[in-house]
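Welcome, and please open your viewer. We will go from one selection to the next, with a few words on what is there.

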Amino acid sequence: MIKKILYRNLSLNFNQIMLQRNIIHSYEDDMVKYAENRDKGRIRQCFASIPRQLAKENKKFQYSVVESRGNAQKFSSSLQWIEDAGIICRCYNLSLPDLPLEGYAVDNIFKVYMADTGLFVIGKVISQLNTKLRLHGER
């Protein structure tokens, strides 16, 4: 019963939600499959931190959100791997809003966004759905 109510309230097709969730899991599977063994854990940590990074009012990507005492030296190559895979996009802060933008980008001040924003949004919906189902004792 609660699933039907939640389905109507969210006004989303449950099959579409599951399909998009499977795409996110495919990203995670590809990270494990194609990344170097020494980088796999860090790549997954960076990927998992993206929603937390965007939920905060931070003006830039913070490696300490990925892991306490995390730093660019430890995680920058992992973040670069995710970007090279086309999963995320970096948005750099500009020292001056003038053309060419790349010329005024501040290299160490950036935010990270999912390249497919629909998948990021659906991740939040799935999280809310799971929370509501747990509260009502359904799985």
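A disulfide is a pair of cysteine sulfur atoms within 2.5 Å. With that cut-off in hand, select Cys89 and Cys91: the cysteine sulfur closest to that of Cys89 belongs to Cys91, and at 9.3 Å it is too far for a bond. Searching the whole structure gives 0 disulfides.

A word on the model before we move on. It is predicted, so local features need pLDDT of at least 70 and side-chain atom pairs count only at pLDDT 80 or more, while totals for chains, interfaces and linings use all residues. Residues are numbered from 1 along each chain as its sequence is written, and side-chain values use heavy atoms, with hydrogens and water left out.

Stay with the cysteines and colour by accessibility. Here, buried means under 20% relative accessible area, exposed means over 50%, and partly exposed lies in between (1.4 Å probe, protein chains only). Cys89 is partly exposed, at 40%, whereas Cys46 is buried, at 0%.

Now switch to a cartoon of the whole protein. You should find 6 helices and 2 strands, taken as DSSP runs and numbered from the N terminus (helices: H or I, at least four residues; strands: E, at least two). What pattern do they follow along the sequence? Reading along, you meet α-α-α-α-α-β-β-α. Of the 139 residues in the protein, 27% are buried.

Next, show the aromatic rings. Rings of Phe, Tyr and Trp (its six-membered ring) pair if their centres lie within 6.5 Å; planes under 30 degrees apart are stacked, over 60 edge-to-face, and the rest tilted. The structure holds 4 such pairs. Select Phe61 and Tyr63, an edge-to-face pair with 5.1 Å between centres and 75° between planes. Both of these residues, Phe61 and Tyr63, are buried.

Then add Tyr92 and Phe110, a tilted pair at 5.7 Å centre to centre with 55° between the planes. This pair links distant parts of the chain: Tyr92 lies in strand E1 (residues 88-94) and Phe110 in strand E2 (residues 105-114), 18 residues apart. Tyr92 is partly exposed at 32%, while Phe110 is buried at 4%. Keep all four selected: Phe61, Tyr63, Tyr92 and Phe110 form one aromatic cluster.

For the last stop, add Arg90. Its charged end sits over the ring of Phe110, 4.8 Å from the ring centre; the criterion is NZ of Lys or CZ of Arg within 6 Å of the ring centre and within 35 degrees of the ring normal.
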